[in-house]
Number of protein chains: 2
Amino acid sequence: MTRTVAAPTRSTLADGREILFFALAAPPRIHEDRRDLPARAPGSPTELRFDTQLGDWVMMAPTRQERTYKPPRTMCPLCPDADGLSSEIPANGYDVAVFENRFPSLSSARAGSGFILPPPAGYGTAVDGYGRCEVVCFSSDHDGSFSKLTARHARLVIDAWTERTRDLLGRDGIEEVHCFENRGEEIGVTLSHPHGQIYAYPFLTHRTATVLTRARGHRHATGRNLFSDIIARETEEGERVIVRTEHVTAFVPFAARWPAEVHIYPNRHCHNLTELTDAEADDLARVYLTVLRAYDALYDCPLPYIASWHQYRSTGDERSNDTRSDSAATQSEGYLHAEMFSVRRSADKLKYLAGSESARDAFVTDKLPEQVATDLREAIARTGELL
Amino acid sequence: MTRTVAAPTRSTLADGREILFFALAAPPRIHEDRRDLPARAPGSPTELRFDTQLGDWVMMAPTRQERTYKPPRTMCPLCPDADGLSSEIPANGYDVAVFENRFPSLSSARAGSGFILPPPAGYGTAVDGYGRCEVVCFSSDHDGSFSKLTARHARLVIDAWTERTRDLLGRDGIEEVHCFENRGEEIGVTLSHPHGQIYAYPFLTHRTATVLTRARGHRHATGRNLFSDIIARETEEGERVIVRTEHVTAFVPFAARWPAEVHIYPNRHCHNLTELTDAEADDLARVYLTVLRAYDALYDCPLPYIASWHQYRSTGDERSNDTRSDSAATQSEGYLHAEMFSVRRSADKLKYLAGSESARDAFVTDKLPEQVATDLREAIARTGELL
């Protein structure tokens with residue numbers, strides 16, 4: 001039975017942006033945001049341009065050049081601030097807080113207005129950067145990290161992602177909701193306070209469209225779901241499985257392209273976080289934490305990583321505006337999962353995406369997935385599984 | 001009339017790898033490679049694994065963990081070495097040298113044996129990493145850079161790329177030949193001596209397959225070539241054009257995704273470097289140099305960049321083993337061009353591929369292409385055009 005996520009406490013920031021608080025127990029005391037922020041322009045500050053060569057949209061966000069860059073600790077915009085003067089979070093503290101990004105790549109100015117991205121009209125197609133970018137603060141502890149959260153707190157983050165997914169996927173013109181965390185200066189994180197982001201795209205991303213096309217082809221050829229088959233094969237072989245519980249399986253995929261790549265799936269086919277039961281969400285929180293703790297135990301320093309939640313609509317959606325093919329409109333073959341990976345390829349070296357990867361999407365990896373799985377299982381043995 | 005490229009002088013390194021020398025005038029004096037290198041194993045040291053989720057191949061090259069990493073200047077493997085004891089290039093000097101990579105992502109062990117990559121047989125498909133990886137040294141000057149070459153020397157590099165393209169595209173089982181340069185530690189370059197690389201893939205890369213599918217769709221819808229239309233539109237609008245000569249056009253594309261992105265096309269539809277006339281190759285060398293010099297004039301330091309040459313077969317090839325769609329077999333809509341871009345987004349900041357880019361291929365850029373074009377034209381005005 002699908003679970004119900006408690007409604008967040010809502011407030012508004014000085015420039016009209018929304019902020020939401022998710023609490024483990026009592027909600028925080030929310031104060032007035034007294035900053036003198038410039039009003040947001042009514043239109044979108046960003047633009048989507050259609051790339052006719054590759055068939056996808058590029059987000060042009062010039063205001064992001066001014067985004068906050070490695071501020072001193074006392075100026076952290078993600079710490080709670082009861083004075084309402086120095087941060088994005090005017091509260092005496094919080095467990096999980098979510099707010100609209102002040103420097104968005106996609107803007108919600110037209111949300112709810114029935115907006116649908118128009119089909120591209122050849123070279124030179126540009127439209128307003130409709131959509132929504134949110135920041136998800138995992139904890140008020142500036143020096144914390146996701147891996148140090150309790151299982152209950154990690155579950156609260158999953159519930160916050162779930163509520164945001166439900167809300168955003170329900171909005172006109174939103175095609176895909178992407179919850180992710182970038183962690184570490186090595187991948188360009190400019191704020192060290194533990195946080196992630198949510199991008200609600202008005203288009204199906206190229207990656208997602210490719211995967212859905214593959215999954216439909218697999219259904220056509222075999223009558224089965226592509227992802228279910230992948231989980232079955234990885235479980236059967238076992239060599240690359242990191243953790244498997246009643247409800248969740250984590251493994252290094254057979255053709256991993258990134259260092260320390262791990263995929264986590266619920267054992268039952270769900271399309272997105274809103275379909276998880278309580279027991280599944282609990283397992284997912286524990287397994288996700290287990291992998292993150294193994295990450296930090298791999299080398300002597302916290303591992304830089306990207307953790308990305310792949311989500312799909314539960315059913316085909318007639319309103320879809322995917323530009324690649326008509327058949328891409330149906331997302332029903334999609335299977336909720338997390339894909340996590342690092343840019344650290346050894347204790348003292350980083351993986352860079354150079355010519356083959358950046359210019360051709362052709363990946364070279366220098367550690368076999370079986371070895372990565374062995375190393376991660378040993379790291380879990382050292383840190384202790386949560387389960 | 002297609003030009004003829006002078007045949008290189010050939011030799012063999014201590015472990016049996018080929019080395020080729022291209023000369024502006026007299027060929028260099030080639031010595032014996034007297035290093036005690038381990039013999040190469042007969043099979044491929046690398047493996048290709050098929051990713052059923054994305055439908056492409058991942059190159060697994062564990063031996064690359066041991067590749068040469070930022071050696072001291074005196075140990076540079078790309079400097080000429082008349083003693084034949086300390087570098088990959090046993091010669092008294094050279095203009096352009098090309099040799100097989102000692103730590104390849106794809107290996108040529110089976111070259112010429114009639115090898116064709118088999119179609120993937122579901123999850124768990126792995127085959128030998130057939131193909132070829134070459135290193136192209138642009139000059140014997142350790143402290144030089146491509147941008148400092150003379151136009152005549154740059155043309156010699158283009159001729160070397162051309163000869164390698166002709167040879168490699170003609171081999172059994174090679175689907176795509178990718179000449180590229182990674183420049184700068186910021187993108188992971190581990191050898192500072194000016195050099196580039198060539199990857200001869202046994203498959204069509206995902207990026208290339210996507211572009212060809214788009215181009216065939218465009219032909220079907222309009223009767224015209226996609227790239228010719230792009231060049232015509234950019235030329236007509238002019239706002240993003242950087243340089244245009246009789247034979248070559250360079251512009252920042254309308255939907256650029258990377259900082260300082262520039263595309264360079266011959267004005268006449270060619271599929272790959274072997275189809276260029278002498279005059280076109282000369283123009284291409286000059287325009288390419290002009291853009292690289294503008295790159296280094298943008299900020300106070302040499303710009304880290306990736307420069308990638310997109311090439312296609314001249315005609316449809318029945319032997320094609322592209323795994324994505326039957327129609328992808330025909331490459332005739334492909335149009336030779338260079339795509340160049342940087343990871344530097346401002347004088348003091350780098351662009352990182354984080355969650356949206358790395359996990360979804362959905363790019364955010366924070367500088368409008370028109371501004372990039374203006375900045376590059378100003379940089380050209382400061383450095384002086386070559387033409």
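Leaving aside neighbours within four places in sequence, with which residues is Gly84(A) in contact? In this predicted model, the contacts of Gly84(A) beyond that range are Glu32(A), Asp33(A), Arg34(A), Arg35(A) and Pro90(A). The glycine is placed in the loop that runs between β4 (56-60) and β5 (96-100) of chain A. Although Gly84(A) and Glu32(A) are separated by 52 residues in sequence, their C-alpha atoms are 5.8 Å apart in space. Gly84(A) counts as buried because its relative accessibility is 0%, and the cut-off for that class is under 20%.

Two further positions of chain A were examined in the same terms. Gln197(A) belongs to strand β9 (residues 195-201) of chain A. Its relative accessibility of 15% places Gln197(A) among the buried residues. When residues up to four places away in sequence are not counted, Gln197(A) touches Asn101(A), Glu134(A), His178(A), Cys179(A), Phe180(A) and Asn182(A). Ser314(A), by contrast, has a relative accessibility of 32% and therefore counts as partly exposed. This serine lies in the loop between β13 (305-310) and β14 (337-342) of chain A. Outside the residues up to four places away, Ser314(A) touches His271(A), Asn272(A), Glu275(A) and Ser332(A). For Glu275(A), which is 39 residues from Ser314(A) along the chain, the separation between the C-alpha atoms is 8.5 Å.

The backbone at position 260 was considered in both chains. Most residues other than glycine have a negative phi. Ala260(A), which is not a glycine, nevertheless has a positive phi of about 55 degrees. Ala260(A) is located in the loop between β11 (248-251) and β12 (262-266) of chain A, and with a relative accessibility of 8% it counts as buried. In chain B, phi of Ala260(B) is likewise positive, near 55 degrees. The loop that holds Ala260(B) lies between β11 (248-251) and β12 (262-266) of chain B, and Ala260(B) is buried, with a relative accessible area of 7%.

Helix α2 was described in each chain. In chain A, α2 (residues 206-222) comprises 17 residues and reaches 24 Å from its first C-alpha to its last, close to the 24 Å expected at 1.5 Å a residue. The buried residues of α2(A) are His206(A), Arg207(A), Thr208(A), Ala209(A), Thr210(A), Val211(A), Leu212(A), Ala215(A), Arg216(A) and His218(A). Gly223(A), just after α2(A), adopts a positive phi of about 80 degrees. In chain B, the end C-alpha atoms of α2 (residues 206-222) are 24 Å apart, which agrees with the 24 Å that its 17 residues should span at 1.5 Å a residue. Buried residues of α2(B) include His206(B), Arg207(B), Val211(B), Leu212(B) and His218(B). Just after α2(B), Gly223(B) takes a positive phi of about 80 degrees.

Helix α4 was examined for its length and burial in chain A and for its packing in chain B. In chain A, α4 (residues 278-298) has 21 residues and extends 31 Å between its first and last C-alpha atoms, close to the 30 Å expected at 1.5 Å a residue. This helix is mostly covered, with 15 of its 21 residues buried.

In chain B, helix α1 (residues 151-169) and helix α4 (residues 278-298) pack at an angle of about 115 degrees, and their axes are 9 Å apart. The crossing of α1(B) and α4(B) is right-handed. From α1(B), the contact is made by Ala151(B), Ala154(B), Arg155(B), Ile158(B) and Trp161(B). From α4(B), it is made by Asp278(B), Ala281(B), Asp282(B), Leu284(B), Ala285(B), Arg286(B), Tyr288(B) and Leu289(B). The residues of this contact comprise nine nonpolar, no polar and four charged.

Finally, the interface between the two chains was considered. Chain B and chain A bury about 7100 Å² between them, with 56% of this area on carbon and sulfur atoms. Gln53(B), Tyr123(B) and Arg360(B) supply 14% of the area that chain B buries against chain A, more than any other three residues. The contact takes 85 residues from chain B and 85 residues from chain A.

Key. Residues numbered from 1 in each chain as written. Chains lettered and ligands numbered in written order. Predicted model: local features only at pLDDT ≥ 70, side-chain atom pairs only at ≥ 80, totals over all residues. Heavy atoms only, no water. Helix = DSSP H or I, 4+ residues; strand = E, 2+ residues; numbered from the N terminus. Expected span 1.5 Å × (residues − 1). Buried < 20%, exposed > 50% of the residue type's maximum accessible area, 1.4 Å probe, protein only. Axes fitted to C-alpha atoms, helices over the stretch in contact; angles between N-to-C directions. Left-handed = near helix turned anticlockwise from the far one by under 90°. Contact = heavy atoms within 4.5 Å. Nonpolar A, V, L, I, M, F, W, Y, C, P; charged D, E, K, R; others polar. Buried area = accessible area lost by both parts, 1.4 Å probe.
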